[in-house]
Amino acid sequence: MDGAMPVSESPRPWPQAASRVPYWIYSDPDIYSSEMEKIFYGPHWCYVGLECEIPEVGNYKTTSVGERAVIMVRADDGEVYVVENRCAHRGAQFCRDKFGQAKEFACPYHQWVYALDGELMGVPFRRGVKRKGGMPKEFDPKANGLKRLRVEIVNGVVWATFSEETPDFRSYLGERMWAHYTRVYDGRPLKVLGYNRQHIPANWKLMMENIKDSYHPGLLHVFFSTFGLFRADQESATEVDETGRHGILISRKGEKEANDVSTSIRSFDADLELADPRIIDYHHEWPTPQTVGMITIFPSVILQQQTNSLSTRQILPKGPGGFDFIWTHWGYKDDDEAMTQRRLRQANLFGPAGLVSADDGEIIEFSQQAFEAYQNRETMIEMGGHDVECTDYMITETAIRGMYAYYRQVMGF
Ligand SMILES: [Fe+2]
């Protein structure tokens, strides 16, 4: 844990216990601005992409860290850089393609030109025309390149941070989460299988909460409860790191069965049958028997392993009331064709229209609607008590409490 975290004074008092969350943190624009500064631009690693998305020199991908547009690019020295997509001159976001191949970057406004690593290479009419106009003599191009973020590439995943205070990525995760991270991101080269993009009209924190919430999957998701992928009577665990900010939901797949637990779930439907059962055809491939490992890496990304379906789900906040959600479905580069097809089939459970994930996007929107209509109300996160701990059961909100324990510290609540 990084001990240097500044704790500032709160403009609004937190209502009472750590197991209650006030609605106004989801709708107040001042709190949102403060989250951008203290969280997304503060001492945290944010996800920007997979290294395999930019294999060749000149390949780039545009994305954002918080609301700030950045470019992840492989420069002439072969290294990956993350630079701001913001011209040093007048601030224009000059690179508009999602992906591309470039020798250099040029801003269309006044054609300032940057090398791939962000260095300023050219300023048209820098010395004026006929000795009139131009930049002042003391203008130093070396000091006016694109701002570079700190970058760490960890087993194929590219992380960036604006802060000099952010500890190295492994320390940032903590050893417990590091073990979960490296179980799936084990150093084997990755390949992208496809993308989904959606906008969800709900506060960004609700997506983090959703994936830390082990209580809901067996209830909200008819597909999970019915076909036995994630149900309250199955072997499971919830873990958090020392700070509480990161977490993982672990579960082990069962079978479709009518038992005491499943028949008590309103969404369980014994009559449903899969026309093509290959969609849940799980193939054991990692050292531990868990079939679900949903990691939340605060604040920017969810790393999904659900049966053999793998994805990163990036959170790009767009004001307090919405965020873009970018799904990158991936596999290992050395997967055979059968495994690639299996991962692609299983990916139909996820994404904006997924048989499971469509439920989440919609339900957090319903919560957001209440948060915007009321001010002085609170949500309850008391399932499993008031503590933050690792558990070997699902009916708990401990990982959400963990995130808010950390959030209150960073935000000064
Ligand atoms: Fe869910």
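1. The arrangement around the iron ion is irregular, because its 4 donor atoms subtend angles of 55 to 146°. Four donors would count as tetrahedral with all angles between 85 and 135 degrees, or as square planar with opposite donors over 155 degrees apart and all others between 65 and 115. The model is predicted, with local features needing pLDDT of at least 70 and side-chain atom pairs counting only at pLDDT 80 or more, while totals for chains, interfaces and linings use all residues. Residues are numbered from 1 along each chain, and side-chain values use heavy atoms, without hydrogens and water.

2. The iron ion is held by His 216 (NE2), His 221 (NE2) and Asp 360, the last listed twice through OD, at 2.0 to 2.6 Å. Donors are N, O and S atoms within 2.8 Å of the metal (3.2 Å for Na, K and Ca); water is not among the atoms, so sites may look incomplete.

3. Along the chain, the donors follow the spacing H-x4-H-x138-D. His 216 sits in the loop between helix H4 (204-212) and helix H5 (217-220), and Asp 360 in helix H9 (residues 357-373), so the pair ties together parts 144 residues apart in sequence. Helices are DSSP runs (H or I, at least four residues).

4. Both His 216 and Asp 360 are buried, meaning under 20% relative accessible area (1.4 Å probe, protein chains only). H4 is mostly covered, with 9 of its 9 residues buried. Among them are Trp 204, Lys 205 and Glu 209.

Definitions and conventions: Tetrahedral: all angles 85-135°; square planar, octahedral: opposite > 155°, others 65-115°. Helix = DSSP H or I, 4+ residues; strand = E, 2+ residues; numbered from the N terminus. Buried < 20%, exposed > 50% of the residue type's maximum accessible area, 1.4 Å probe, protein only.
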